[in-house]
Amino acid sequence: MKKALRVTLVGAAGRMGQAIIAVANSESVEIISKLDQGDRIASAAADVLIDFSQPDVANAVCDAGLKSNIPLVIGTTGHSPEQRKAIESASKKLPIVLASNFSVGVNALFWLTEQAARILGENFDLEIAEMHHRLKKDAPSGTAKTLAEILRRQRKTTRLRHGREGMVGERDPLEIGIHAIRGGDVVGEHTVIFAGSGERLELTHRAASRETFARGALCAAHWVIGKEPGLYDMRNVLGLT
Ligand code: NAD
């Protein structure tokens with residue numbers, strides 16, 4: 001059996017924190033420190049720090065990693081450009097896995113989206129729809145933003161349209177539409193729509209349980225140990241690059 005990885009978990013009382021605690025044992029992980037709001041973020045005795053909390057915790061998480069010189073796995077989404085910069089700056093000294101989605105299926109969706117956008121070309125209109133539970137705080141989801149970024153790179157456009165209302169006029173062929181639906185207890189659903197003349201391709205991923213994100217994050221935690229400083233994502237962890 002693998003030696004248990006010693007983990008400090010930030011956001012331990014949250015939905016993702018609880019999912020990680022539930023699967024830790026079976027993934028050879030020992031959660032040595034469970035931190036949540038009101039706790040000082042420190043990680044001295046851990047091998048790796050995992051963060052599933054909220055974006056404004058990014059600076060404290062990076063400082064704790066730098067102070068103890070341990071790698072970070074960051075699953076929190078919705079970072080501002082400044083918070084993202086703090087993570088990029090820490091990744092010059094530490095290996096950091098930052099992923100908007102830790103599920104293997106969603107990472108396959110990322111890959112398939114790239115291929116479909118390349119094959120279908122400019123005559124297909126691009127739209128993304130995501131649905132999450134009513135308690136989710138950021139919109140659109142980090143995963144939808146990653147999908148938009150993949151499409152943007154292929155289409156070479158920066159025109160993202162977040163929803164539509166009123167007399168918006170005809171659709172701009174260069175825009176990428178993003179739509180965030182909220183309700184119930186939906187764990188996470190993402191659809192990428194390629195709408196052409198006379199045909200439409202849709203790629204959909206549905207997560208039914210947070211366990212898939214939790215296991216992916218713990219897989220990333222094992223992977224990041226001993227890596228060179230740098231900013232990695234799940235494609236690196238899964239060997240998809
Ligand atoms: P949640 O609201 O259930 O949990 C967040 C937890 O963070 C709460 O317990 C909260 O008290 C805690 N917290 C807030 N401020 C803190 C602080 N200063 N220090 C320590 N803890 C603090 O949310 P959730 O559904 O568990 O999601 C957490 C984050 O993970 C969100 O950003 C969400 O979008 C993201 N997420 C990512 C993935 C992925 O695969 N990358 C999957 C699901 C959710």
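Is R159 buried, partly exposed or exposed? R159 is partly exposed, with a relative accessible area of 42%. Keep that residue in mind for one of the close-ups below, and remember throughout that this is a predicted model.

**View 1. Helices α4 and α5 pack against each other.** Here we look at α4, which covers residues 104-120, and α5, which covers residues 142-155. Their axes sit 9 Å apart and make an angle of about 25 degrees. Angles under 35 degrees count as roughly parallel, and therefore that is the label for α4 and α5. The crossing of α4 past α5 is right-handed.

**View 2. Side by side, α4 and α5 bring these residues into contact.** From α4 come V106, L109, F110, T113, E114, A117 and R118. Facing them in α5 are T143, T146, L147, I150, L151, R153 and Q154. Sorted by class, this contact has 7 nonpolar, 4 polar and 3 charged residues.

**View 3. E130 and R182 form a salt bridge.** Side chains of opposite charge can pair when their charged atoms come close. For E130 and R182, the closest N and O atoms are 2.7 Å apart. E130 belongs to strand β6 (residues 125-132) and R182 to strand β8 (residues 176-182), so the salt bridge ties together parts that are 52 residues apart in sequence. The two partners have their own surroundings: E130 counts as buried, at 1% relative accessibility, while R182 is partly exposed, at 28% relative accessible area.

**View 4. D172 pairs with R159 in a salt bridge.** Back to the residue from the opening question: the closest N and O atoms of D172 and R159 are 2.5 Å apart. D172 is in the loop between β7 (160-162) and β8, and R159 is in the loop between α5 and β7. The pair links distant parts of the chain, 13 residues apart. D172 is partly exposed, with a relative accessible area of 22%, and R159 is partly exposed too, at 42%.

**View 5. R200 and E202 meet through their side chains.** This is another salt bridge, with an N to O distance of 2.7 Å. R200 counts as exposed, at 59% relative accessibility. Its partner E202 is partly exposed, with a relative accessible area of 39%.

**View 6. Shared partners join several salt bridges into one network.** Which residues take part in this network? They are D125, E127, R161, R164, R171 and E175. Across the model, the count comes to 16 salt bridges.

Conventions
Residues numbered from 1 in each chain as written. Predicted model: local features only at pLDDT ≥ 70, side-chain atom pairs only at ≥ 80, totals over all residues. Heavy atoms only, no water. Axes fitted to C-alpha atoms, helices over the stretch in contact; angles between N-to-C directions. Helix = DSSP H or I, 4+ residues; strand = E, 2+ residues; numbered from the N terminus. Parallel < 35°, antiparallel > 145°, perpendicular 65-115°, else oblique. Left-handed = near helix turned anticlockwise from the far one by under 90°. Contact = heavy atoms within 4.5 Å. Nonpolar A, V, L, I, M, F, W, Y, C, P; charged D, E, K, R; others polar. Salt bridge = Lys/Arg side-chain N within 4 Å of Asp/Glu carboxyl O. Buried < 20%, exposed > 50% of the residue type's maximum accessible area, 1.4 Å probe, protein only.
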